[in-house]
Amino acid sequence: MIYFCIDLFVCIFEVLVYKRFLNSFIGRQKVNDGVSFGSLFALASIWAFVGKFNIPILNFACMLLVFILYITEYDSRVRHKVVLVLLYVGVGFLVEPIGYVVLQLLKETEASTDLRYYFVMILSTVFRAIIVEVFCIMKRKKDIYAEHLPEETTYVLVSVPAISIVCCCLLIKIVDINITSEIAMLCMAVMIAIILCNYLIFYMMHRYSVLMREKHESELFIKEQKFNEDFYNEIQENFETIQGIRHNIKNQLLGIRDTLEQAGGVKAKEKLDEICGELDNQDDWVITSNAVINSILKSKVNIAKRHDIRMEIKIQVPMELSADCGDIGILYGNLLDNAIEASSNVPVHKRYIYLESKFKDRSLLLKIINSKAPDQNSDLVTTKKDKKRHGRGIQSVRKIVDKYNGVVLFQDKKDYFEVTAALNGVELIK
């Protein structure tokens, strides 16, 4: 009974290490913690019971079945799950030759067979847990996205632990035929080489995934920039067209007004005065002479009004600058969207956004201060459901700033948030 308890303890520990591995590489579990730990204990118990028969092939098949059943509790693609199971089995098998060599060397001691066996089993389990933890730490620090790798790369990745398993089996056979100190040292050297090969492949996977992600983000950024540039060019053209139409209509109405005044049309004169007044009020909506920035600010002001957010704007920007209108749209639009989102989460009487922007010494300067909840967005975490899109918005701002060799600074002041950005090398177009 005591041996079964030891087997059960080791199996539970093994599945917990596996759970740690899956949490690092997937993290999205479809069941709650109670169900997860309940199934973990049940699978570990079955594994320990099968281990009592001392049949290596049966024990391996049961271990593989346990890993496959437990990974079904996680939310990921089937191909990704298969890769992770094989990767974990391959990494786990790296310690098998070490355990076998140690077991053979312990035969020369006076310890009992059971004592030697369980000592080596616990030692191998701990060593396996250390290797898995190292891989998990590497993944967390390097942000490896295994499920986004191409299918061909996945096959290559799977072949590495598979070959490692074959090598481990061959080493065990060598040790079983003839165990000497020289053979033991040689086996240890081969096992270290296998571990290093797995690490290098893992590192290459990381570099490849980073390049793929950066390429994907660059493509998205280029598409977004092109879309915004076309959009704001159209806005600028429409703005200039509307300004011309408004100016012509106003002059025509003034001419009709003078004609009616001479003819004595008092009521018609009053109506035309009202129309001209409305046109004058529309002209007051021109916040800045820069058509692109003006269109963005008018749009965001209307959104802020719908959320009962007070806005104060101080802007001194020339009519035309050398900066791409798409870049300006991304900078002002994304930062104002974030400010409106954060300010919307506080009581109405505390909602405000202050924007100041000016052009000075070939630099376009922008500062936005907005109210926020004290315990929200301390690390630029969005409250929107579409968190990936929000993340791309901040990344797009940083890319625009880098493009102009500028600087952007985000500061959390507890009750309010302040962002300052500067685009350098911007020329005034006269």
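## Accessibility and the Lys403 network

Buried means under 20% relative accessible area, exposed means over 50%, and partly exposed covers the values in between. The structure described here is a predicted model. With a relative accessibility of 41%, Lys403 is partly exposed because that value falls between the two cut-offs. Asp327, at 0%, is buried.

The side chains of Lys403 and Asp327 form a salt bridge, with an N to O distance of 2.8 Å. This pair links distant parts of the chain: Lys403 belongs to helix α12 (residues 387-403) and Asp327 to helix α11 (residues 325-343), 76 residues apart. Through salt bridges with shared partners, Asp324, Asp327 and Lys403 are joined into one network.

## Other salt bridges

The model has eight salt bridges. One of them pairs Arg128 with Glu14 at 2.4 Å, N to O. Arg128 is in helix α6 (residues 113-142) and Glu14 is in helix α1 (residues 2-25), so this salt bridge ties together parts of the chain that are 114 residues apart in sequence. Both partners are buried: Arg128 has a relative accessible area of 7%, and Glu14 has 9%.

Asp337 and Lys300 also meet through their side chains in a salt bridge, at 2.7 Å from N to O. Asp337 lies in helix α11 and Lys300 in helix α10, with their positions 37 residues apart in the chain, and the pair links these distant parts. Asp337 is partly exposed at 28%, whereas Lys300 is buried at 12%.

Helix α10 (residues 291-306) also holds Ile303. The C-alpha atom of Ile303 is 8.1 Å from that of Ile340, a residue 37 positions away along the chain. Ile303 is partly exposed, with a relative accessible area of 22%.

## Helices α2 and α3

Helices α2 (33-51) and α3 (56-71) are separated by a loop. Two packed helices are described by the angle between their axes and the distance between the axes. For α2 and α3 the angle is about 170° and the axes are 9 Å apart. The two helices are therefore roughly antiparallel, as the angle is over 145 degrees. On the α2 side, the residues in contact include Leu40, Leu43, Ile46 and Trp47. Among the α3 residues that meet α2 are Leu58, Cys62, Met63, Val66 and Phe67.

The loop between α2 and α3 contains Asn54, and Ile55 is found there as well. Asn54 has a positive phi, near 55°, although it is not a glycine. Asn54 is exposed at 61% relative accessibility, while Ile55 is partly exposed at 42%. Ile55 contributes to a nonpolar surface patch of about 520 Å², together with Phe49, Phe53, Ile57 and Leu58.

## Strand β3 and the β4–β5 loop

Asn370 is in strand β3 (residues 363-371). With a relative accessibility of 4%, Asn370 is buried. Beyond its neighbours within four places in sequence, Asn370 contacts Ala339, Ala342, Ser343, Tyr352, Ile353, Tyr416 and Phe417.

Lys414 occupies the loop between β4 (407-412) and β5 (416-424). Its phi is positive, at about 75°, in a residue that is not a glycine. Lys414 is exposed, with a relative accessible area of 55%.

How values were computed: Residues are numbered from 1 along each chain as its sequence is written. This is a predicted model: local features need pLDDT of at least 70, side-chain atom pairs count only at pLDDT 80 or more; totals for chains, interfaces and linings use all residues. Side-chain values use heavy atoms; hydrogens and water are left out. Patches are made of residues with over 30% relative accessible area and no salt bridge: like charges are joined within 9 Å, nonpolar side chains (Val, Leu, Ile, Met, Phe, Trp, Tyr) within 5 Å. Accessible areas come from the Shrake-Rupley method with a 1.4 Å probe; for residues, only the protein chains shown count as cover. A salt bridge is a side-chain nitrogen of Lys or Arg within 4 Å of a carboxyl oxygen of Asp or Glu. Helices (H or I, at least four residues) and strands (E, at least two) are DSSP runs, numbered from the N terminus. Buried means under 20% relative accessible area, exposed over 50%, partly exposed in between (1.4 Å probe, protein chains only). Axes are lines fitted to C-alpha atoms, for helices over the stretch in contact, and angles run from 0 to 180 degrees between N-to-C directions. Angles under 35 degrees count as roughly parallel, over 145 as roughly antiparallel, 65 to 115 as roughly perpendicular and the rest as oblique. Contact means heavy atoms within 4.5 Å.
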